[in-house]
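Visitor: I would like to go through this model with someone who can say, for each label, what it rests on.
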Amino acid sequence: MKFNININQSEIIRKGYKIDVLDACILDFCLDFSHSERITKLTDKGTVYYWFDYKNISEQMPILNLKKDSIYRRMK
């Protein structure tokens, strides 16, 4: 379980993202997990892609009370 959630409100506003607090929490998880050794990465023509398991996000962030399908729709 991810114990701490850090949302940089000023950066979200500065970049003009139109997201709610749940989206910001998912974004925080993805940013942290992308630095983990457990993340699956794929590099194609110099671009790095990360694979996130929606079920894993749901399990690691139970306070969001979102199922994997809801996380999929939010990330889409």
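The conversation below takes up the overall fold, the aromatic rings and the pocket in turn.

Guide: Please keep in mind that this is a predicted model. The protein chain has four helices and two strands, and from the N terminus on these elements follow the order α-α-β-β-α-α.

Visitor: How much of the protein chain counts as buried?

Guide: Of its 76 residues, 26% count as buried, the label being kept for a relative accessible area under 20%. The protein chain exposes about 6100 Å², and carbon and sulfur atoms supply 51% of that area.

Visitor: What makes Phe33 and Phe52 an aromatic pair, and why is the pair called tilted?

Guide: Rings pair if their centres lie within 6.5 Å, and planes that are neither under 30 degrees apart nor over 60 count as tilted. For Phe33 and Phe52 the centres are 6.4 Å apart and the planes stand at 50°, so by this rule they form a pair and the pair is tilted. Phe33 lies in helix H2 and Phe52 in the loop between strand S2 (47-51) and helix H3 (54-60), so the pair ties together parts that are 19 residues apart in sequence.

Visitor: Why is the pair of Tyr50 and Phe52 given a label of its own?

Guide: The ring centres of Tyr50 and Phe52 are 6.5 Å apart and their planes meet at 40°, so this pair is tilted. By the pairing rule the count comes to four aromatic pairs, and Phe29, Phe33, Tyr50 and Phe52 form one aromatic cluster.

Visitor: How do you know whether Phe33, Phe52 and Tyr50 are buried or exposed?

Guide: Since buried means under 20% relative accessible area and partly exposed means between that and 50%, Phe33 with 13% is buried, and Phe52 with 16% is buried as well, whereas Tyr50 with 38% is partly exposed.

Visitor: What makes up the lining of the largest pocket, and which helix supplies the largest share of it?

Guide: The lining consists of Asn6, Ile7, Asn8, Glu11, Ile12, Lys15, Tyr17, Ala24, Leu27, Asp28 and Leu31, around a space of about 220 Å³. Helix H1 (9-15) and helix H2 (21-33) each supply at least two of these residues, and the largest share, four residues, comes from H2.

Visitor: How do the lining residues of the largest pocket divide into nonpolar, polar and charged?

Guide: Six are nonpolar, two are polar and three are charged; Tyr and Ala count as nonpolar under this scheme, while Asp, Glu and Lys count as charged.

Definitions and conventions. Residues are numbered from 1 along each chain as its sequence is written. This is a predicted model: local features need pLDDT of at least 70, side-chain atom pairs count only at pLDDT 80 or more; totals for chains, interfaces and linings use all residues. Side-chain values use heavy atoms; hydrogens and water are left out. On a 1 Å grid over the protein atoms alone, a cavity is a set of points where a 1.4 Å probe fits but cannot get out, and a pocket is an open set with protein on both sides within 12 Å along at least five of seven lines; lining residues have an atom within 4 Å of a point. Grid points are joined across faces, edges and corners, and a volume is the space filled by probe spheres set on the points. Buried means under 20% relative accessible area, exposed over 50%, partly exposed in between (1.4 Å probe, protein chains only). Accessible areas come from the Shrake-Rupley method with a 1.4 Å probe; for residues, only the protein chains shown count as cover. Rings of Phe, Tyr and Trp (its six-membered ring) pair if their centres lie within 6.5 Å; planes under 30 degrees apart count as stacked, over 60 as edge-to-face and the rest as tilted.
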